[in-house]
Amino acid sequence: MAENRGEDDDLSIPRAALNKMIKELAPNVRVANEARELILNCCTEFIHLISSEANELCNGQNKKTISPDHILGALDRLGFASYREEAQAVMVEAKAVAAKKRRASTRLENLGIPEEELLRQQQELFDRARQEQEQLEQQQWLQIQEAATQAQQLQQEQNTNSDDEYE
């Protein structure tokens, strides 16, 4: 069945992952390279079979995304219902690991900087921004004062010139 998929569909499980699984499942057994290749091909074919069946279920429900329920349904339809319970347990475990990673990635502890130091740095940034804002406001106030002074001087010059005209 693998032959009719085409050359561009040669995706498979990484060898390191396969070797790790073999070592975990059979730690005291040597497995020949040909046997490893056969296991790899069987795993790839099994994944292709399940995903194809899940895709059919998905399309049959007019959905565009294969969900865990489609995978479980595919296991049932293909006669692998005995794997359903273990697949559900793995799914629950994977969700827990993913949720833990998401929580861990947002934690401040992962930055390697104590929270107190981060708060101090934040306060420094606020203080600096406040000072810059005050300086900007002061510069604007001085510019306004200067413009007002210039306007008064101009007004006085105009008044003096108009007084000179009348004399």
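**Close-up 1. Arg120 and its salt-bridge partners in helix α5 of the predicted model.** In this predicted model, Arg120 is partly exposed, with a relative accessible area of 40%. Arg120 forms a salt bridge with Glu124, in which the closest N and O atoms lie 2.0 Å apart. Glu124 is likewise partly exposed, its relative accessible area being 37%. Because Arg120 and Glu124 stand four residues apart in helix α5 (residues 115-166), about one helical turn separates them. The pair belongs to a network of salt bridges that links Glu117, Arg120 and Glu124. Side chains of opposite charge can pair when their charged atoms come close.

**Close-up 2. The salt bridge between Arg130 and Asp127 in helix α5.** The side chains of Arg130 and Asp127 meet in a salt bridge, with an N to O distance of 2.8 Å. These two residues are three residues apart in helix α5, and about one helical turn therefore lies between them. Arg130 is partly exposed at a relative accessible area of 44%, and Asp127 counts as partly exposed at 32% relative accessibility. The count of salt bridges in the model comes to six.

**Close-up 3. The packing of helices α1 and α2.** Two packed helices are described by the angle between their axes and the distance between the axes. Helix α1 (residues 15-25) packs against α2 at an angle of about 105 degrees, and the two axes are 11 Å apart. Since angles of 65 to 115 degrees count as roughly perpendicular, α1 and α2 are described as roughly perpendicular to each other. On the α1 side, Arg15, Leu18, Asn19 and Ile22 take part in the contact, and they meet Arg36, Glu37, Ile39, Leu40 and Cys43 in α2.

**Close-up 4. The salt bridge between Arg15 and Glu37.** Arg15 forms a salt bridge with Glu37, and their closest N and O atoms are 2.5 Å apart. The pair links distant parts of the chain, with Arg15 in helix α1 and Glu37 in helix α2, 22 residues apart. Arg15 counts as partly exposed at 44% relative accessibility, and Glu37 counts as partly exposed at 32%. Both residues also appear among those through which α1 and α2 meet.

**Close-up 5. A nonpolar surface patch that includes Phe46.** Phe46, Ile47 and Tyr83 form a nonpolar patch on the surface, and together they have about 270 Å² of accessible area. Phe46 has its place in helix α2, where this residue is partly exposed, with a relative accessible area of 30%.

**Close-up 6. Asn62 in the loop between α2 and α3.** Asn62 lies in the loop that runs between α2 (33-60) and α3 (68-77). Most residues other than glycine have a negative phi. The phi of Asn62, by contrast, is positive, near 55 degrees, in a residue other than glycine. Asn62 is exposed, its relative accessible area being 70%.

**Overview. The whole chain as context for the close-ups.** The chain has five helices and zero strands, and read along the sequence it follows the pattern α-α-α-α-α. Of its 167 residues, 10% count as buried. The accessible surface of the chain comes to about 14,200 Å², and 52% of this area belongs to carbon and sulfur atoms. Among the contacts in the chain with a separation of 6 or more, 37% are accounted for by residues 24 or more positions apart.

Definitions and conventions
Residues numbered from 1 in each chain as written. Predicted model: local features only at pLDDT ≥ 70, side-chain atom pairs only at ≥ 80, totals over all residues. Heavy atoms only, no water. Buried < 20%, exposed > 50% of the residue type's maximum accessible area, 1.4 Å probe, protein only. Patch = residues over 30% accessible without salt bridge, like charges linked within 9 Å, V, L, I, M, F, W, Y side chains within 5 Å. Areas by Shrake-Rupley, 256 points an atom, 1.4 Å probe, with all protein chains shown as cover. Salt bridge = Lys/Arg side-chain N within 4 Å of Asp/Glu carboxyl O. Contact = heavy atoms within 4.5 Å. Axes fitted to C-alpha atoms, helices over the stretch in contact; angles between N-to-C directions. Parallel < 35°, antiparallel > 145°, perpendicular 65-115°, else oblique.
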